[in-house]
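Okay, everyone, let's get going. I'd like to spend a few minutes on charged pairs and where they sit, so have a look at the screen.

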Amino acid sequence: MLAVLSPGQGSQKPGFLAPWLDLTGTEARLRWWSALAGVDLVHLGTQADADEIKDTARTQPLLVAAALLAAEHLPMYDVAVTAGHSVGELGAAALAGVLPAEAAITLAGVRGREMAAACALEPTGMAALLGGDPDAVLAAIEAHGLYAANRNGAGQIVVAGSMDGLDKFAADPPARVTRLKVAGAFHTPYMGPAEAALSRIAAGITPGDPVRILLSNLDGSAVNHGREMVQRLVRQVTAPVRWDLCMRTLADLGVTGVIELPPAGTLAGLLKRELKATGVPEIVTLNTPDDLPAARDLIARHSGLRGHEPVVQFRVVVSPAAGTFTPAADLAEGADLRLGQVIGHVATRQGPVEVTAHDSGLLTEWLAHHDDPVAPGQPLARIGGQQL
């Protein structure tokens with residue numbers, strides 16, 4: 001099984017998009033997207049220095065554009081899973097079919113501008129903690145009135161909040177602390193004005209449902225419905241990024257191959273450290289067009305690249321949460337399903353969560369059965385569709 005990952009803010013490097021502009025149509029596409037984002041993506045990706053592309057309002061649409069540009073040169077129909085870190089979720093949502101590329105770029109532009117504006121309201125910041133007992137670290141963060149904004153796995157937690165609180169926290173830290181050069185406390189309640197502004201724009205989008213497994217930063221679960229994913233994308237502006245849970249779901253799904261889209265390297269490093277005990281998937285970091293052959297080869301080997309013969313396209317319904325699965329009593333393999341039909345539920349600690357069909361077609365095969373324990377994103381049923 002193959003996953004494509006879209007990185008978040010902090011992964012950008014000066015000039016990282018320059019090699020891609022040699023590909024036909026890339027510059028024109030970037031100029032069109034620049035009009036939507038309200039920033040010059042061509043300049044930012046090729047000539048801007050590190051300080052210029054550190055600006056939140058510029059960085060966020062640049063990163064989403066980079067991911068989408070590179071993915072256009074991959075056979076994405078053979079990719080099973082997409083996920084993104086922070087603003088990278090917008091790119092992942094577009095690659096999963098929830099958002100058109102233009103909507104993802106527009107939202108990234110609004111998100112970046114509004115988060116930058118929220119940062120200017122009062123002095124806030126972020127710091128990275130590495131190591132230490134996780135429970136002790138989280139308790140210390142809470143005791144200082146701060147927030148665990150990112151839980152990136154591999155022993156890394158990013159703390160955020162007021163500058164005064166961060167200074168006091170750094171004076172007696174529970175783990176090694178590195179202050180981050182960012183504009184403010186992202187993924188905390190300080191970003192409330194940005195979330196409200198993004199919500200007003202996102203309300204006008206008509207999303208599609210995911211055509212592949214799409215993981216959410218909120219809790220690492222797979223999201224089956226486009227409208228829910230848009231709501232999560234908005235909420236994520238103030239909610240912590242649980243990349244640790246996303247990586248756990250990748251492992252639970254049995255992902256064997258990973259492609260990190262440009263600017264690649266950060267998420268690959270986290271995966272290698274987090275999954276070294278259980279098995280690291282084969283990873284390709286896609287940074288320039290020279291890396292495309294390796295990425296395509298990985299897709300061919302980990303997804304079973306199809307030939308030119310017509311084949312039936314299947315879509316997989318996945319679990320929205322961890323728990324115990326119960327299929328609908330009146331559904332047997334071969335039944336006709338309609339879009340939105342309830343096909344079962346997952347019993348969780350918080351109560352039952354409905355599982356619904358995200359497409360019409362035949363219930364070709366149950367992949368989980370009565371009382372089976374399931375993880376977020378685990379395939380539950382296969383729906384048969386049209387021939388390709």
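**Charged pairs, buried and otherwise**

Let me start with aspartate 244, which makes a salt bridge to arginine 242, with the closest N and O atoms 2.8 Å apart. Keep in mind that this is a predicted model.

So, is aspartate 244 buried or exposed? Buried: its relative accessible area is 10%. And arginine 242? At 18% relative accessibility, arginine 242 counts as buried too, because the cut-off is under 20%.

Now the surroundings. Aspartate 244 is one of the buried residues of helix H10, which runs over residues 243-253. How many of the eleven residues of helix H10 are buried? Eight, so I'd call helix H10 mostly covered. Next to Asp244 on that list you'll find Trp243 and Leu245, and the list also includes Cys246, Met247 and Thr249. After H10 comes glycine 254, and its phi is positive, near 80°.

Okay, zooming out. How many salt bridges does a search of the whole structure find? Twelve. I'll pick out a few.

Here's one for you: arginine 29 with glutamate 72, where the closest N and O atoms are 2.1 Å apart. That pair links distant parts of the chain, 43 residues apart. Arginine 29 is in helix H1, residues 26-37, while glutamate 72 is in the loop between helix H3 (56-71) and strand S2 (81-84). As for exposure, arginine 29 has a relative accessible area of 31%, so we call it partly exposed. Glutamate 72 is partly exposed as well, at 42%.

Next up, arginine 179 and aspartate 167, with 3.0 Å between the closest N and O atoms of this salt bridge. Which parts does the pair tie together? Arginine 179 lies in strand S6 (residues 176-179) and aspartate 167 in helix H7 (residues 163-171), so the bridge joins parts that are twelve residues apart in sequence. Arginine 179 comes out partly exposed, with a relative accessible area of 36%, and aspartate 167 is partly exposed with 44%.

One more before I stop. Asp219, Glu228 and Arg232 are linked in a network of salt bridges.

So, to wrap up: aspartate 244 is buried and so is its partner arginine 242, whereas arginine 29 and glutamate 72 are partly exposed, and arginine 179 and aspartate 167 are partly exposed too. That's it from me.

Key. Residues numbered from 1 in each chain as written. Predicted model: local features only at pLDDT ≥ 70, side-chain atom pairs only at ≥ 80, totals over all residues. Heavy atoms only, no water. Salt bridge = Lys/Arg side-chain N within 4 Å of Asp/Glu carboxyl O. Helix = DSSP H or I, 4+ residues; strand = E, 2+ residues; numbered from the N terminus. Buried < 20%, exposed > 50% of the residue type's maximum accessible area, 1.4 Å probe, protein only.
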